[in-house]
Amino acid sequence: MNYELRTMNYFRRNIEKATGYEPGFQPQQTDVVKLNTNENPYPPSPQVMKVLAEIGPEQLRRYPDPQGNAFRQAAAEVNGVRPDNIICCNGGDELLTIAFRAFCDQSRPVTYPVPTYSLYPVLANIQNCRAIEIPFDSEFNLPAKLAGADAGLTIVCNPNAPSGTFISVDELTSLADELKGVLLIDEAYVDFAEADCVSLVKDFDNVIILRSMSKGYSLAGLRFGYAVAAPPLIAGLMKVKDSYNVDSVAVAAAAAAIKDRKYFKENIEKVKKERKRLTEELRALGFEVPRSYANFVLAESKNPKAAEVYEKLTLRKIYVRYFAYPKLKDKLRITVGREEQNDKLLSALKEILSE
Ligand SMILES: Cc1ncc(COP(=O)(O)O)c(C=O)c1O
């Protein structure tokens with residue numbers, strides 16, 4: 001039996017044609033320098049490890065709290081909002097899936113500036129909604145045309161991935177005011193920036209702030225994220241999510257992480273310090289690197305070509321991210337690592353440039 005042919009016929013046409021999201025390479029060896037998927041290079045808070053060590057069989061036997069209220073309470077305090085302003089999700093990615101399902105269909109497109117997070121078009125395709133992609137200018141300013149798209153969902157990734165650039169709170173406030181549909185501000189990397197847009201949820205009933213515990217809190221393996229929005233939006237998103245979308249172990253660990261403010265702040269400062277050094281050293285080597293507000297930098301290399309540098313780094317088991325897309329073909333996205341990882345990257349680059 002030809003399984004391949006038969007299986008393909010069962011799918012909706014858009015799924016059949018889709019290629020799916022392409023995650024960054026996840027090497028299983030440990031003797032590598034892994035700077036390709038923007039994980040935090042430092043471990044999570046010791047409070048998280050303590051909570052995990054205390055998980056008992058009863059906690060696993062029972063279904064979790066469907067709304068993850070222990071985390072909602074903690075995240076509300078940290079963000080100066082109420083628990084009914086918060087929805088927990090299985091990573092920020094799940095919040096994006098929920099938002100596409102809630103706000104987009106064939107007559108309600110999504111719009112976002114590009115280049116940006118490559119999951120957005122994948123989700124638009126699954127939802128079978130039109131994606132109106134509006135190019136950023138070379139400085140990654142907010143495109144004026146965004147508000148005119150008349151979309152059900154407008155997404156602005158801020159700081160943007162993979163540029164690391166930041167759009168001001170004032171500009172996003174004006175955008176929220178202009179839009180008729182929902183504005184989702186993807187703040188997966190905001191812990192490394194100087195400002196955030198969470199205060200907008202108090203003034204606007206159409207703003208959703210996405211947050212991730214993967215980057216600033218070193219919990220990419222746990223899969224936990226959340227959103228902050230006006231209570232009626234949160235109530236609507238709750239109708240779309242899976243009934244038990246976050247497990248009880250993850251809720252307990254994520255709550256411990258967000259409560260440990262001291263550890264979090266120290267961790268962020270270490271990353272920012274290394275980001276500054278990495279940016280300066282890359283510029284000294286001749287790469288063009290815009291100021292980054294995230295835990296990665298985007299380094300432009302025309303000669304030698306970025307793709308060639310990427311291949312040569314990979315041969316040395318130093319993994320960074322290369323996107324063969326328009327506006328990104330001549331660039332490498334490099335996660336800020338620990339000091340010794342960044343040193344290995346920089347000395348490998350020096351070697352490659354002198355070949
Ligand atoms: C821009 C952006 N948004 C959201 C996410 C989702 O993060 P997670 O699902 O790990 O919370 C990512 C992950 O890399 C990202 O880069």
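In this predicted model, residue V110 stands opposite L153, a residue of strand β5. The two strands concerned are β3, which covers residues 110-114, and β5, which covers residues 153-157; they run parallel and are joined by 2 bridges. Strands of a sheet pair through backbone hydrogen bonds, and the pairing can be either parallel or antiparallel.

From this pair one can move outward to the whole sheet, which is open and is formed by 7 strands in the order β2-β8-β7-β6-β5-β3-β4, with mixed pairing. Strands β2 (86-89) and β4 (131-135) stand at the edges, where each has a single partner strand, so one side of each is left without a neighbour in the sheet. From one strand to the next, the twist averages 20°. Against this sheet packs helix α8, made of residues 169-178, which touches β5, β6 (182-186) and β7 (207-212). The direction of helix α8 makes about 155° with that of β6.

The model also holds a ligand, and the residues around the ligand include G91, G92, D93, Y117, C157 and D186, together with A188, Y189, S212, S214, K215 and R223. Which kinds of atoms of G92 and of the ligand lie 2.6 Å apart? On the protein side there is a polar backbone atom of G92, and on the ligand side an oxygen atom. A polar backbone atom of D93 is likewise 3.0 Å from an oxygen atom of the ligand. With D186 the contact involves the side chain, since a polar side-chain atom of D186 lies 2.7 Å from a nitrogen atom of the ligand. Of the 390 Å² of accessible area that the ligand has on its own, the protein covers 92%.

How values were computed: Residues numbered from 1 in each chain as written. Predicted model: local features only at pLDDT ≥ 70, side-chain atom pairs only at ≥ 80, totals over all residues. Heavy atoms only, no water. Pairing = 2+ DSSP bridges. Helix = DSSP H or I, 4+ residues; strand = E, 2+ residues; numbered from the N terminus. Axes fitted to C-alpha atoms, helices over the stretch in contact; angles between N-to-C directions. Contact = heavy atoms within 4.5 Å. Near = heavy atom within 4 Å. Polar contact = N/O pair within 3.5 Å; in protein donor to acceptor, adjacent residues only side chain to side chain. Areas by Shrake-Rupley, 256 points an atom, 1.4 Å probe, with all protein chains shown as cover.
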